[in-house]
Amino acid sequence: QQEPVELIVQGHGIEQPEGSAQVIEFSGLVREKIVQEIPIPPNGKNPSSEPWKLNPVLKTEVPGGVEYWFCASEIIVPPGGQTNCEITYRPLTMTLGEEDKQ
């Protein structure tokens, strides 16, 4: 069991709907890629008649200076539709499990 690593996904341009925040858990071995998809927008569809062009930014804050998270540099959400954002987690260092801390 490893300590959680936090991922924060934020967006701008529309008000965030109530209850749209989600916890996504990733668990894996060092240097092993773990891939998950999240729906964009998370609870619904693009309500406009124009496509949304999103540029997600993923950042590893702890430990600093490393990149553990990856996703497409651009995501297009069609009018009245929804799409998936594929997030890849690839840890390059190990964290201590609960049993290792004692």
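This report walks through the strands, the sheet, the aromatic residues and the core of one predicted chain.

**Overall picture**

Let's start with confidence. The chain averages a pLDDT of 80, and 78% of the residues score at least 70. Going element by element, β4 comes out highest at 95, while β3 is lowest with a mean of 88. As a general caution, predicted coordinates should not be read in detail where pLDDT is low.

As for the fold, the chain has five strands and zero helices, so to speak a plain β-β-β-β-β pattern when read along the sequence. Of the 102 residues in the chain, 21% are buried. The accessible surface is about 7800 Å², and carbon and sulfur atoms account for 50% of that. Among contacts between residues at least 6 apart in sequence, 59% join residues at least 24 apart.

**The sheet**

Three of the strands make an open sheet in the order β1-β5-β3, with antiparallel pairing. β1 and β3 are the edge strands, each pairing on one side only. Strands of a sheet, in general, pair through backbone hydrogen bonds. Here are the two pairings:

| Strand pair | Sense | Bridges |
|---|---|---|
| β1 and β5 | antiparallel | seven bridges |
| β3 and β5 | antiparallel | two bridges |

A few individual partners help you find your way around. V35 has T88 in β5 as its bridge partner, and I40 stands opposite T83, also in β5. Over on the β3 side, W69 is bridged to Y89 of β5.

**The aromatic residues**

A search of the whole structure turns up two aromatic pairs. Take Y68 and Y89: their ring centres are 6.3 Å apart and their planes sit at 80 degrees; since an angle over 60 counts as edge-to-face, that is what this pair is. Y68 lies in the loop between β2 (52-54) and β3 (69-70), whereas Y89 belongs to β5 (residues 83-89), so the pair links distant parts of the chain, 21 residues apart. Both tyrosines, Y68 and Y89, are buried. Add W69 and you have one aromatic cluster of Y68, W69 and Y89.

W69 has plenty of company beyond that cluster. Leaving out residues up to four places away in sequence, W69 touches V5, E6, L7, F26, L58, K59, T60, I87, T88 and Y89.

**The core**

Which residues touch the most other members of the largest nonpolar core? Out of its 13 residues, the answer is F26, W69, C85, I87 and Y89. The strands β1 (34-40), β4 (75-77) and β5 each supply at least two residues of this core. W69 and Y89 thus turn up as bridge partners, as cluster members and among the core residues with the most contacts to other members. In soluble globular proteins, nonpolar side chains tend to be buried together.

**Out at the surface**

Is S27 buried or exposed? S27 sits in the segment before β1 and counts as exposed because its relative accessibility is 66%, with the cut-off at over 50%. S27 and R90 are 63 residues apart along the chain, yet their C-alpha atoms are separated by 9.9 Å.

Note on methods: Residues numbered from 1 in each chain as written. Heavy atoms only, no water. Phe/Tyr/Trp six-rings, centres within 6.5 Å; stacked < 30°, edge-to-face > 60°. Helix = DSSP H or I, 4+ residues; strand = E, 2+ residues; numbered from the N terminus. Buried < 20%, exposed > 50% of the residue type's maximum accessible area, 1.4 Å probe, protein only. Core = buried A, V, L, I, M, F, W, Y, C linked by side-chain atoms within 4.5 Å. Contact = heavy atoms within 4.5 Å. Pairing = 2+ DSSP bridges. pLDDT = per-residue confidence, 0-100. Areas by Shrake-Rupley, 256 points an atom, 1.4 Å probe, with all protein chains shown as cover.
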